Amino acid sequence: MTQLPVLNLSSEATGTTPTGRRATLPPRHLADLDLAGRRAAVTELGEPAFRAQQISTHYFGRLVREPEEMTDLPARTREAITGTLLPRLLTPVSELATDNGTTRKTLWRLHDGALVESVLMGYSDRVTVCVSSQAGCGMACPFCATGQAGLTRNLSTAEIIDQVVWFAGLAARGALPGCPDRLSRIVFMGMGEPLANYNRVIAAVRRLTEPAPEGLGLSQRHITVSTVGLVPAMRRLTQEGLSVTLALSLHAPDDDLRDTLVPVNQRWKVAEVLDAAFEYAARTGRRVSIEYAMIRDVNDHPWRADLLGRLLSGRLAHVNLIPLNPTPGSQWDASPKPVEREFVRRLRAAGVPTTVRDTRGREIDGACGQLAASGGGKVGERESGLLARRANEETQ
Ligand code: SAH
């Protein structure tokens, strides 16, 4: 049996990394603040409070961030206002594109050198961005590239939001051929465990869904938060009154195997985590998405499909099977197609709606489980351990 990693679930509370190093917070950004906070910040600069509204409209409404584009701000104070409220949080280090530019992965360097990735997927009817909520991840799932490197730090609210706003600007400028010019969906399926950075992720969801100029004006229903299954945080989310979609990374229907594949299962067992997911579904009326990476000869047995079918039958849930994306150095591979088909057949026979996710972004290491940070230092392409984890989307 694989040796199980030690988990660190307390980093949000302590503000430290697993190594005990104090995490360096990024500079304050308007996306960290509500409109009242932004007004206070411009007033401190000696500017009238309405400037907060103007700069917010530029950022969230027009999707521009360069001072020279803000011609309604007086030239003499433009730099000061943007310097205070729009510090650069994300610096692109590399950008890879495929599918005629409609799938794009960007690697960002944060102010302290930490690295994260986001992936954009454009379709004919929607544009989705897959965002990171942490630099690295402390959940240590052995099949996931991000899980191998450990947690560097939580992202701030604005660092999460800025990934989205950046891509929304790209879409608005018509950079995605054949796709709508409005970014409409967000999946928290990039690097990190969103519910381990709970407060900032929830603040980001709220801001992204408030209308401009307060926020970006997206629909809560078009946001998916994916979790390994941190039960207390799932219960808290249930009480938030949000209508985001919850995705639960289950990957095994039995504790024996899930203890290894998703080590947090040692703390919260399958029955408990499913209960918490069903409570979320009952409270919100929204079907939960059960994520299941299909790993050859590991979790793809017919009896496991049957067991999963029994656990989910009659529930407000659907299964999303993800062909495993092998990560460097892993001995695991995706299940053969006939095995996958049989798994789907058994789940559907049990009355459980089941889809298989497409594998967009594989060639740019932007697919599920492929985002892995090199831990700083020099960054090149995949040889230097670039990155990676996820980015796909469901197909029907
Ligand atoms: N920490 C969160 C969100 C990030 S990952 C979570 O675990 O849910 C998003 C999804 O990609 C999760 O379902 C995760 O288990 C899956 N994933 C990770 N590595 C993968 C891989 N190598 N192949 C396929 N899916 C993977």
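Tutor: Helices here are DSSP runs of at least four residues, numbered from the N terminus. Keep in mind that this is a predicted model.

Student: What makes Arg345 and Glu342 about one turn of the helix apart?

Tutor: Both sit in helix H12, residues 337-349. They are three residues apart, and that is about one turn.

Student: Why is the contact of Arg345 and Glu342 called a salt bridge?

Tutor: The cut-off is within 4 Å, from a side-chain nitrogen of Lys or Arg to a carboxyl oxygen of Asp or Glu. Arg345 and Glu342 stand at 2.9 Å, N to O. So the pair qualifies.

Student: Why is Arg345 called partly exposed?

Tutor: Partly exposed lies between under 20% and over 50%. Arg345 has a relative accessible area of 47%, so it falls in between. Salt bridges with shared partners also join Arg345, Glu342, Asp306 and Arg346 into one network.

Student: How do you know that Arg76 and Glu47 form a salt bridge?

Tutor: Their N to O distance is 3.9 Å. The limit is within 4 Å, so the pair counts. Arg76 lies in helix H4 and Glu47 in the loop between helices H2 and H3, so the pair ties together parts 29 residues apart in sequence.

Student: Are Arg76 and Glu47 buried or exposed?

Tutor: Arg76 is at 67%, which is over 50%, so Arg76 is exposed. Glu47 is at 9%, which is under 20%, so Glu47 is buried.

Student: How many salt bridges does the structure hold?

Tutor: It holds 17.

How values were computed:
Residues are numbered from 1 along each chain as its sequence is written. This is a predicted model: local features need pLDDT of at least 70, side-chain atom pairs count only at pLDDT 80 or more; totals for chains, interfaces and linings use all residues. Side-chain values use heavy atoms; hydrogens and water are left out. Helices (H or I, at least four residues) and strands (E, at least two) are DSSP runs, numbered from the N terminus. Buried means under 20% relative accessible area, exposed over 50%, partly exposed in between (1.4 Å probe, protein chains only).
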